[in-house]
Amino acid sequence: MTLTAQVVHLPEVEPWRLACLGMVAHDRRLTDTSTRIDVKRVLGRLDELARVGAIPDTTGVARLALSDDDRAGRDLVVSWMRDLDLDVRVDAIGNVAGVWGGREPDLPPVMCGSHIDTVKTGGRLDGAYGVLAGLEVIESLIGRGVRPRRPIAVAFFTDEEGARYAPDMLGSLVYVGGMTVESARDVVGNDGTVLGDELDRIGYAGSLPCPMIVPHAFVELHIEQGPVLEAEGFTIGAVTGVQGISWQEITFTGQSNHAGTTPMAMRHDAGYVAARVATYVREMVSRVGGVQVGTVGAIELQPSLVNVVAARAKITVDLRNTDDDVLREAERDLARFVERAASEEGVKVESRKLARFEPVRFEDRLVDLVETSALAFDYKVRRIPSGAGHDAQMLARLCPAAMIFVPSHDGLSHNVAEHTDPDDLAAGINVLFDVLVQLAEEP
Ligand code: HGY
Ligand code: MN
Ligand code: MN
């Protein structure tokens, strides 16, 4: 799919904002030829990065964390950082930041960024858009010869998806001290590999400690990955926070037996219990109602043969809610059912927590900044909580953090058909640019 490339003029912006950009002539507009965000450049980079781990016959990508494709994607983005002479830094868990110095280079930078690893059925925008948009903001400022007071850094964090190594947002969690580098390196993936070995293998085990930079503020531009903005006709989402996330892996151990000769009353069918739990999740979630969501994304049976009663079954359960009390009650409710269903079938059960993050609220001041900036561009903007997890929710433990959303077509994500209209992509970059520059001018 070739996205229509287009150059976007930045609309009229208040003269004071030009002044904070160090523009000499107050009446100079950002719309003159040397000062626009070049969306064609970003779309071209999104296309080029999407060729790394491209899923044949689709516009999707698969760059699982620390895979060869992840390495190739990292190398490509780092090469673009080096082309801009950014100070490229890599920390001990493989988080990468490119720093561009400000007029006062010793001040803590304003940081932006996201991730470039994807799920197996990934779209080309999830994560990559926020990283390449940050690179574009820096390149655009360099191109116009404007140096804000503070340095600006653009980062990508290791294993945001958690699709190979749980939890999700692993790299940014380690970045902010929520998990030690050692324990992260010891994580065993769902493919049996060890995170630290893969990090070493792809050559991204850096020497810098976490956090290598304590930002003045962090701003993440991301696609909404849901249906709200498009359905309600908004261009920008000023993200108020991220909902709570609960991931667990549940293993049932029964007894393999002959599918034909074993009377039903004598069975200890792990597959049957797993199926009961999977349907219970859906029933429970509809009973809880509101914004509660629940997903059984993975089911594995062993030996997974047509004529053998399953000896083992392993499922994953992803529960989320903006209200942590409701989420905890849903977790307890599910645990009670799992115990009951397993004991009724004479099956053993073992649950392993893969991720548990409480809801996060972003700092009002920054949410206001995103909203005000969008309005200054005459974009339709609304406040919106994030259904997906993001690195910004981790950075919020370290510094003021905010997110900017743009619409996802048909609300699709973690799907190869993920798409956002180029005009909306450009709008998000304009707002990111404006918010970063304002933050970078703060004393
Ligand atoms: O799972 C999530 O919400 C994110 O895609 N890591
Ligand atoms: Mn993402
Ligand atoms: Mn994702």
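Trainee: What makes Asp 126, Glu 161 and His 414 the protein donors of the manganese ion (ligand 3)?

Mentor: Distance. Donors are N, O and S atoms within 2.8 Å of the metal (3.2 Å for Na, K and Ca), with water not among the atoms, so sites may look incomplete. Here Asp 126 (OD), Glu 161 (OE, listed twice) and His 414 (NE2) lie 2.1 to 2.6 Å from the ion, so they count as donors. Bear in mind that this is a predicted model, where local features need pLDDT of at least 70, side-chain atom pairs count only at pLDDT 80 or more, and totals for chains, interfaces and linings use all residues. Residues are numbered from 1 along each chain as its sequence is written, chains are lettered from A and ligands numbered from 1 in the order in which they are written, and side-chain values use heavy atoms, leaving out hydrogens and water.

Trainee: Why is Glu 161 called buried, and what is His 414 called?

Mentor: Buried means under 20% relative accessible area, exposed over 50%, partly exposed in between (1.4 Å probe, protein chains only). Glu 161 has 8%, so it is buried. His 414 has 38%, so it counts as partly exposed.

Trainee: Which residue bridges the two manganese ions, ligand 3 and ligand 2?

Mentor: Asp 126 does, and the ions lie 3.6 Å apart. For ligand 2, Asp 126 (OD) is joined by His 115 (NE2) and His 222 (NE2), at 2.1 to 2.3 Å. The spacing of those donors in sequence is H-x10-D-x95-H. Both His 115 and His 222 are buried.

Trainee: How do you know that Arg 320 makes a polar contact with ligand 1?

Mentor: A polar contact is a pair of N or O atoms within 3.5 Å; within protein, one must be able to donate a hydrogen and the other to accept it, and residues adjacent in sequence count only if both atoms are side-chain atoms. An N or O atom in the Arg 320 side chain is 2.6 Å from an oxygen atom of ligand 1. Glu 160 places a polar side-chain atom 3.2 Å from a nitrogen atom of the ligand, and Gly 389 has a backbone N or O atom 2.7 Å from a ligand oxygen.

Trainee: What makes the 111 residues a nonpolar core?

Mentor: The term means a set of buried Ala, Val, Leu, Ile, Met, Phe, Trp, Tyr and Cys residues joined through side-chain atoms within 4.5 Å. Among the members touching the most others are Val 77, Met 111 and Phe 362.
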